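Work through the following exercises with the sequence and the structure side by side, and try each task before reading its solution.

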4 protein chains.
Amino acid sequence: MADADPPDHDQTDWLRTWIGWSAPDRITVAGRDLPGDIMGRLSLTELAFLLVTRREPSAGERRILDAVLVSLADHGLTPSALAARLTYTGAPEAIQGAVAAGLLGAGSVFLGPAGDTAQFLADALEEHGEQGTDDASLRRIAEIAVEARRQVGALVPGLGHPVHRAEDPRVPRLYALAAEEGTFGPHLRLLALVAAVHEEATGKHLPINGAGAGGAALADVGVPPGSVRGFVLIARTAGLVGQLAEEAQQPIGRQLAHEIEQRASRNA
Amino acid sequence: MADADPPDHDQTDWLRTWIGWSAPDRITVAGRDLPGDIMGRLSLTELAFLLVTRREPSAGERRILDAVLVSLADHGLTPSALAARLTYTGAPEAIQGAVAAGLLGAGSVFLGPAGDTAQFLADALEEHGEQGTDDASLRRIAEIAVEARRQVGALVPGLGHPVHRAEDPRVPRLYALAAEEGTFGPHLRLLALVAAVHEEATGKHLPINGAGAGGAALADVGVPPGSVRGFVLIARTAGLVGQLAEEAQQPIGRQLAHEIEQRASRNA
Amino acid sequence: MADADPPDHDQTDWLRTWIGWSAPDRITVAGRDLPGDIMGRLSLTELAFLLVTRREPSAGERRILDAVLVSLADHGLTPSALAARLTYTGAPEAIQGAVAAGLLGAGSVFLGPAGDTAQFLADALEEHGEQGTDDASLRRIAEIAVEARRQVGALVPGLGHPVHRAEDPRVPRLYALAAEEGTFGPHLRLLALVAAVHEEATGKHLPINGAGAGGAALADVGVPPGSVRGFVLIARTAGLVGQLAEEAQQPIGRQLAHEIEQRASRNA
Amino acid sequence: MADADPPDHDQTDWLRTWIGWSAPDRITVAGRDLPGDIMGRLSLTELAFLLVTRREPSAGERRILDAVLVSLADHGLTPSALAARLTYTGAPEAIQGAVAAGLLGAGSVFLGPAGDTAQFLADALEEHGEQGTDDASLRRIAEIAVEARRQVGALVPGLGHPVHRAEDPRVPRLYALAAEEGTFGPHLRLLALVAAVHEEATGKHLPINGAGAGGAALADVGVPPGSVRGFVLIARTAGLVGQLAEEAQQPIGRQLAHEIEQRASRNA
């Protein structure tokens, strides 16, 4: 196939990609020679950032990226992990299907909120950024943004967690790491003020959640909000591969489905 | 299954996981405190390895893991990348669906061969490992394994590539890295001998491909063959997130589908 | 959620389903004996309607359901069909993955509009239904609904098609069938008025599209708007199975991807 | 987009499809005018058969097709239904993802066996068909096929069910319908003999299962074995749409995941 000449298209300049291409003796990815300049030098996390932002992260940025990724990779038998395991039960020969099933639950309710928070913060900063990013200005931006959500009866992205009701333990760690690495930027700062303003306005304590803080931390190192959910998917794929390795050794899917079916039958 | 009563809660020791769980004030992943012991310390690659093998990789192992992952993440407008982009065209609001679509093509033809090669090599080593792993013994194992595949008319996993017909440029780089990091083990060694034996037996040069070498390298650092395809999926998710970030900025999916539809209509 | 004790088995009345269950000697679906009362009597279309609405369709309703389903099943090498075929190229052994990939593009841009139109019409009827459903009242509802969309700069669901710019040939047929079967109800009627009002207000002819008319026709026979996208998915699955049967016999995926990759490489 | 001329390709006759195409004023599907010749005349089941086999089914064939489809659409809280519901829990706005997740479990263990049985029977008939299809010849073919599977330690496709241990109630119904409609052909007949021969050879009663009988019945009306899994996916999509309509009204996914996570945590 490789030697067949494809048709000539003088005007097809719309069909292009920066990501990569192959020739018989070389593979180019992100404008770099894959074997010589990427393999052995960049981690997967660094390549992901490079592919999305078209620059390599600094060491500090890389540490934040990985901290966010590992914080969202997995935490046990979530709906996403269960969907992957139950899919594996029916099709163990096609692990890509089980991973895909697990990823498909990363929507508006679970995992999606990381990107929603990044977008919410980025929009607020862009709309009202003329106010500056000193603390007083950010506080004013937080007030406007929280008020706007409350007026339409919408939840404020990045706040609240069904399990971690006082504090999500990932959040202070992420804030400390960002400070340590010098990537503590306007998104994380605004999110903290959003939480404070929200509590003052409502009298209700909704802690920053790990997804929200992760989204803000990614935005602060330069991940576009539209790609934050993508980064969460990379993290989650790693978690799902772990789940499925365990399911292969120590299956729970079949018995789980059987028990659920039996219980539901008794209630029929 | 149907007539067995579902187990009583007290005895449900089958429903357990080592991967992780949450409590109001802490999150445990892989037996470690997620914020205190994983975030800021482990990369996503290291966490993936830990989740699958239940131990942390050494620095050398981590470098090999990342080298394999970046080598398989992406190389342009492959069927997998195109499927993701075309899915994004229809449902840009659900990026998890586009990533899932891209992953679903990681089967027996593309990407799957990394795991198939790891399994093929591991099986050969296990079946004939009593022969030792010195060069002469490995060569004998390679001869038996190649001959067995040829007798049933099956392809030898890990050999041949439609574009890289003389040499896949990722392969020598991966072998050099494994040597450098001291992880050059029986799987990579056996694969090299398999390629040599195959060429001698058939008179046909089929170079080791990048997927095959990647699978062997992962097996040499301790990834179970059954999880190799999973590692490829992690890598590919990173590539797909890059593809979709580009598709959002510089879309090709819609025009591509339109052009294809028009060409096919004229041939109808 | 985390601190709430999981309910005791005796009280788990939340875990129930009307859809179906199995016992050693019988299978119950939709409250009916599957072998005796469904097999040989109901078509798949009728069962789908029954599962969603909990009643069997009349003969006329069934004809409308099928007319909508066949109208949305397939029309050639769309992005959805191409995603399925390209996925099959990589994983022909897992056809469920190729079908899933094809379905995942049924989002806000393609196919999703059927459900969006049904929801838009149902919302307009519910909000302003006190006005009655005589022609004059429906026209007033159409004016309000179109005006509301235009004020926020949103497109009006169900109007316009990139190929069928004067008229979508499925639409008059669907309207005629609904009239013939006595299912020509407020959703189809309102949609026609929405198109007329939109053209008067903008001076621009945007014909009713097949997805929009299909969504309205389904709503008129009683499919809840939230399940309209689901019905489209059933239809599309049938189309994708046809596409994949052809791809298996007469493959285009591999050569297509190769050609695209080559063209993009030359533009790099 | 529609009016831009795509590039001319004199030699691209490989890029063609029989399935369908669109022009501004007409849509062609399966060589027929979609609005005039398919809508209002063919059911979705008939169109699916037409797309795969390129001919329309007779009335009797259509009844068998529907009987098989409804028999496999759903039977309650199976792993596939649970995966779909749990995915919906995380991403209710993208129902196509939840349906895809449910389909992805249609593999070698669940639902896939329908196609595996059809293939097994078709292969046996093709390899040994010179023996004729009278009862004695079919019995001989059954003996050879069962023996071949037993020699390699493989299960015989189409036999055995974890719940229906004496008899799967769908099976006698399907056999009766096939007799009634005159589609009782060599696949169903061979399957019955395979079950009998297997019981004689092993002394163990493994009844024909519904998936196996469904696969054989589809093969007898002309569905190619390679498309049987596809037909099952159409049926299953209908079932999943029913499951998700119920999940939207009466959700169980979130509480189920919560309960499972809590139980697993206590066992940690």
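**Exercise 1. The interface of chain A and chain B**

How many salt bridges does the rule find across the interface of chain A and chain B? Describe this interface step by step.

*Solution.* Keep in mind from the start that this is a predicted model. The rule finds 2 salt bridges across the interface of chain A and chain B. One of them can be located by looking for Glu246(A), which forms a salt bridge with Arg54(B), the closest N and O atoms being 3.0 Å apart; this pair satisfies the rule because the rule asks for a side-chain nitrogen of Lys or Arg within 4 Å of a carboxyl oxygen of Asp or Glu. Helix α11 of chain A, residues 225-249, gives the most to the side of chain A that touches chain B, namely 16 residues.

The next step is to count contacts and polar pairs. In chain A, 90 residues are in contact with 89 residues of chain B, and 21 residue pairs across the interface are in polar contact.

The last step is the area. The size of an interface is often given as the accessible area lost when the parts come together. Between chain A and chain B about 7300 Å² is buried, and carbon and sulfur atoms give 68% of it. On the side of chain A, the residues that lose the most area to chain B are Trp14(A), Met39(A) and Leu44(A), which together account for 11% of what that side buries.

**Exercise 2. A helix and its buried side**

Determine whether the length of helix α8 of chain A agrees with its number of residues, and find where its buried residues lie.

*Solution.* Begin with the length: α8(A) covers residues 170-181, and its 12 residues at 1.5 Å a residue should span 16 Å, because the expected span is 1.5 Å times one less than the number of residues. The end C-alpha atoms are 16 Å apart, which agrees.

Now list the buried residues of α8(A), which are Arg170(A), Val171(A), Leu174(A), Tyr175(A), Leu177(A) and Ala178(A). They cover an arc of only 165° around the axis, so they lie on the same side of α8(A).

Then ask what this side meets. The buried residues of α8(A) pack against α3, α9 and α10 of chain A, and also against β2 and α1 of chain B. Finally, the residue that follows α8(A) is Gly182(A), whose phi is positive, near 70°.

**Exercise 3. A residue in a strand**

Is Ile27(B) buried or exposed, and which residues is Ile27(B) in contact with?

*Solution.* First place the residue: Ile27(B) lies in strand β2 of chain B. Its relative accessible area is 0%, and since buried means under 20%, Ile27(B) counts as buried.

Next, leave aside the neighbours within four places in sequence; the contacts of Ile27(B) then include His75(A), His164(A), Asp168(A), Pro169(A) and Arg170(A) from chain A, and Trp21(B), Arg32(B) and Leu34(B) from chain B.

**Exercise 4. A residue with contacts in another chain**

Decide whether Thr89(A) is buried or exposed, and name its contacts.

*Solution.* Thr89(A) is found in helix α4 of chain A, residues 79-90. With a relative accessibility of 10%, Thr89(A) counts as buried, because the cut-off for buried is under 20%. Leaving aside neighbours within four places in sequence, Thr89(A) is in contact with Glu247(A), Gly253(A) and Arg254(A), as well as with Pro79(D), Val109(D) and Phe110(D) of chain D.

Notes: Residues numbered from 1 in each chain as written. Chains lettered and ligands numbered in written order. Predicted model: local features only at pLDDT ≥ 70, side-chain atom pairs only at ≥ 80, totals over all residues. Heavy atoms only, no water. Helix = DSSP H or I, 4+ residues; strand = E, 2+ residues; numbered from the N terminus. Buried < 20%, exposed > 50% of the residue type's maximum accessible area, 1.4 Å probe, protein only. Arc of directions from axis to C-beta. Contact = heavy atoms within 4.5 Å. Buried area = accessible area lost by both parts, 1.4 Å probe. Polar contact = N/O pair within 3.5 Å; in protein donor to acceptor, adjacent residues only side chain to side chain.
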